[in-house]
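Please open the model in your viewer and keep the sequence beside it, since each stop of this tour asks you to select something and then look at what surrounds it.

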Amino acid sequence: MNILIVYTYPNHESLNASFLQHTLKGLHDHSQKHEVQVLDLYAENFNPVLDFHKEKRRRDLYKDPDLEKYREQIKWANQLIFIYPIWWGRPPAILLGYIDKLFSANFAYRDTKGLFAEGLLKGKSVICISTMKGPTHYPFIWLHNAHKILMKRALFQFVGIKKIKFFEFGSMEKKEGKQQKRLLQIESHMRNL
C-alpha cells in the first residue's frame, strides 16, 4: 500500500509531531511493508493562498505546474493520512489551502449535469488524526460536528473517497489528557492497518 501522510503543525517538538512519529513507527512495524511519503506543509513552506486573475483561473488548477508534484503524490497514494490540530473548530488554514488547491475540478472531481459531481479519487481511503485543546466531544456537541461534516461529506465523499476514519483527541493540553494512551492507540492502529 502507498501511504501519503500530510502533516500540518509548525512545531516539530509538539504532540502533533509525536503523533506523526507514532504513525510512522506503527506503519514501519506492520507485517506488510508500506511505501510511505510524508508531506510536511510547514517544512515545505506550502503557499495556501489561492491567486486568480485573467490568466490564472480556478478551473485550471488541475494543470497548474506548481502543483504537479502534490497531484502526483495524491495519485500515487492508496491511503491519505492527515495529522493536524483543530483550531477554531476546523483544520489550520495551511491545510485548507492545500485542500483548496489540490482537490480541484478535473483532478479530484468532475462536474456532471446531475446533482452531484463525479468523484475521481475513488478507491482511496483516508485517516484524519486531529488534536484539540478542548474536550473531545466539544466539536460534536457545540459545533454540531462541523469538522467531520467538512472533512467527510463536503470534501472526501464529494471526491469519491468512501472509507474515512477519524481520530479526534481532545483535552490534549491537560496533564491528565491521556496523551501517551492516544499515541499508542495510533501506533497500534497503524501496525494493524
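A salt bridge, as the term is used here, is a side-chain nitrogen of Lys or Arg within 4 Å of a carboxyl oxygen of Asp or Glu. This is a predicted model, in which local features need pLDDT of at least 70 and side-chain atom pairs count only at pLDDT 80 or more, while totals for chains, interfaces and linings use all residues. Residues are numbered from 1 along each chain as its sequence is written, and side-chain values use heavy atoms, with hydrogens and water left out.

**Stop one: salt bridges**

Select Arg 191 and Glu 187, which form a salt bridge with their closest N and O atoms 2.5 Å apart. Both residues belong to helix H6 (residues 179-191), where they are four residues apart, about one turn of the helix; helices here are DSSP runs of H or I with at least four residues, strands are runs of E with at least two, and both are numbered from the N terminus. Glu 187 counts as buried because its relative accessibility is 7%, the term buried meaning under 20% relative accessible area, exposed over 50%, and partly exposed in between, with a 1.4 Å probe and protein chains only. Arg 191, in turn, is partly exposed, at a relative accessible area of 29%. Now add Lys 25 and Asp 29 to the selection, and you have a network of salt bridges that links these two residues with Glu 187 and Arg 191.

Move next to helix H2 (residues 68-76), where Glu 68 and Arg 71 lie three residues apart, about one turn of the helix. Their side chains meet in a salt bridge of 2.6 Å, N to O. Glu 68 is partly exposed at 31% relative accessible area, whereas Arg 71 counts as buried at 3% relative accessibility.

For another example, select Arg 110 and Glu 118, whose side chains meet in a salt bridge at 2.7 Å, N to O. Arg 110 is partly exposed, with a relative accessible area of 39%, and Glu 118 also counts as partly exposed, at 29% relative accessibility. How many salt bridges does the rule give? The count comes to eight.

**Stop two: strands S3, S6 and S7**

Select strand S6 (residues 125-131), in which seven of the seven residues are buried, so that the strand is largely enclosed by the rest of the structure. If you colour its two faces separately, you will find Ser 125, Ile 127, Ile 129 and Thr 131 on one side and Val 126, Cys 128 and Ser 130 on the other, all of them buried.

Two strands pair if DSSP finds at least two bridges between them. S3 and S6 run parallel and are joined by seven bridges, and within this pairing Ile 81 has Ile 127 in S6 as its bridge partner. S6 and S7 likewise pair in the parallel sense, over seven bridges, with Ile 129 having Phe 167 in S7 as its bridge partner.

While S3 (residues 79-85) is in view, select Gln 79, which is found in this strand and is buried, with a relative accessible area of 4%. Among the residues it touches, not counting those up to four places away in sequence, are Met 1, Ser 125, Val 126 and Leu 193, contact meaning heavy atoms within 4.5 Å.

**Stop three: aromatic rings**

Rings of Phe, Tyr and Trp (its six-membered ring) pair if their centres lie within 6.5 Å, and planes under 30 degrees apart count as stacked, over 60 as edge-to-face and the rest as tilted. A search of the whole structure finds nine aromatic pairs. Select Phe 82 and Phe 156, whose ring centres are 5.6 Å apart and whose planes stand at 40 degrees, so the pair is tilted. This pair links distant parts of the chain, with Phe 82 in strand S3 and Phe 156 in helix H5 (residues 146-157), 74 residues apart. Both Phe 82 and Phe 156 are buried.

Then select Tyr 109 and Phe 158, an edge-to-face aromatic pair with 5.0 Å from centre to centre and 65 degrees between the planes. Tyr 109 lies in strand S4 and Phe 158 in the loop between H5 and strand S7 (163-169), so the pair ties together parts that are 49 residues apart in sequence.

As a last selection, take Phe 19, Phe 167 and Phe 169, which form one aromatic cluster.
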